[in-house]
Amino acid sequence: MTREYPTDATDGFEPMYPVRDAPNTKMFEHYSALAKSPEYGGYLLGGRLGEYRYYDMHQIIAWALKAAARVAAELRSNEAAFAAVAPP
């Protein structure tokens with residue numbers, strides 16, 4: 001059995017979860033824009049560290065299942081589109 005004890009993020013103490021402050025929001029916006037760019041368009045940011053926010057486990061599991069379904073549908077769609085134009 002383990003126990004967690006909440007503590008404040010004070011000077012010299014690294015927080016266990018992302019803190020939504022101005023520097024982290026700016027960093028999130030930067031990485032989010034990169035993930036949507038043509039150069040890095042295949043990246044999917046998610047979870048506590050990918051979105052710079054706190055999630056309970058049931059929330060992130062639901063998010064991951066929905067994201068996996070979207071990615072699988074997109075891959076199937078791209079496969080069908082490729083098959084339609086691929087040489088015999």
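A contact is a pair of residues with heavy atoms within 4.5 Å. In this predicted model, residues 24 or more positions apart account for 33% of the contacts in the chain with a separation of 6 or more. The secondary structure comes to three helices and zero strands. From the N terminus on, the order of elements is α-α-α. Of the 88 residues in the chain, 14% are buried. The chain exposes about 7800 Å². Carbon and sulfur atoms supply 61% of that area.

Helix 1 covers residues 22-36. The 15 residues of helix 1 should span 21 Å at 1.5 Å a residue. The end C-alpha atoms of helix 1 are 21 Å apart, which agrees with that expectation. The buried residues of helix 1 are N24, S32 and A35. Seen down the helix axis, these buried residues fall within an arc of 70°, so they line one face of helix 1. The face turned away from the buried side carries the exposed residues A22, P23 and K26.

M27 also has its place in helix 1. The relative accessible area of M27 is 36%. Buried means under 20% and exposed means over 50%, with partly exposed in between; M27 therefore counts as partly exposed.

A nonpolar patch lies on the surface. M27, Y31, L34, Y40, Y43 and L45 make this patch, with an area of about 550 Å². One of these residues, L45, is found in the loop between helix 1 and helix 2 (47-51). L45 has 33% relative accessibility and so counts as partly exposed. Both M27 and L45 pass the patch cut-off of over 30% relative accessible area.

The loop between helix 2 and helix 3 (57-85) holds Y52. At 15% relative accessibility, Y52 falls under the 20% limit and therefore counts as buried. The backbone at Y52 is also notable for its phi angle. Most residues other than glycine have a negative phi. Y52 is not a glycine, yet its phi is positive, at about 55°.

Y52 can also be placed relative to helix 1 through M27. M27 and Y52 are 25 residues apart in sequence. In space, their C-alpha atoms are 9.1 Å apart. M27 is partly exposed, whereas Y52 is buried.

Methods: Residues are numbered from 1 along each chain as its sequence is written. This is a predicted model: local features need pLDDT of at least 70, side-chain atom pairs count only at pLDDT 80 or more; totals for chains, interfaces and linings use all residues. Side-chain values use heavy atoms; hydrogens and water are left out. Patches are made of residues with over 30% relative accessible area and no salt bridge: like charges are joined within 9 Å, nonpolar side chains (Val, Leu, Ile, Met, Phe, Trp, Tyr) within 5 Å. Accessible areas come from the Shrake-Rupley method with a 1.4 Å probe; for residues, only the protein chains shown count as cover. A salt bridge is a side-chain nitrogen of Lys or Arg within 4 Å of a carboxyl oxygen of Asp or Glu. Helices (H or I, at least four residues) and strands (E, at least two) are DSSP runs, numbered from the N terminus. Buried means under 20% relative accessible area, exposed over 50%, partly exposed in between (1.4 Å probe, protein chains only). The expected span of a helix is 1.5 Å times one less than its number of residues. The arc is that of the directions from the helix axis to the C-beta atoms.
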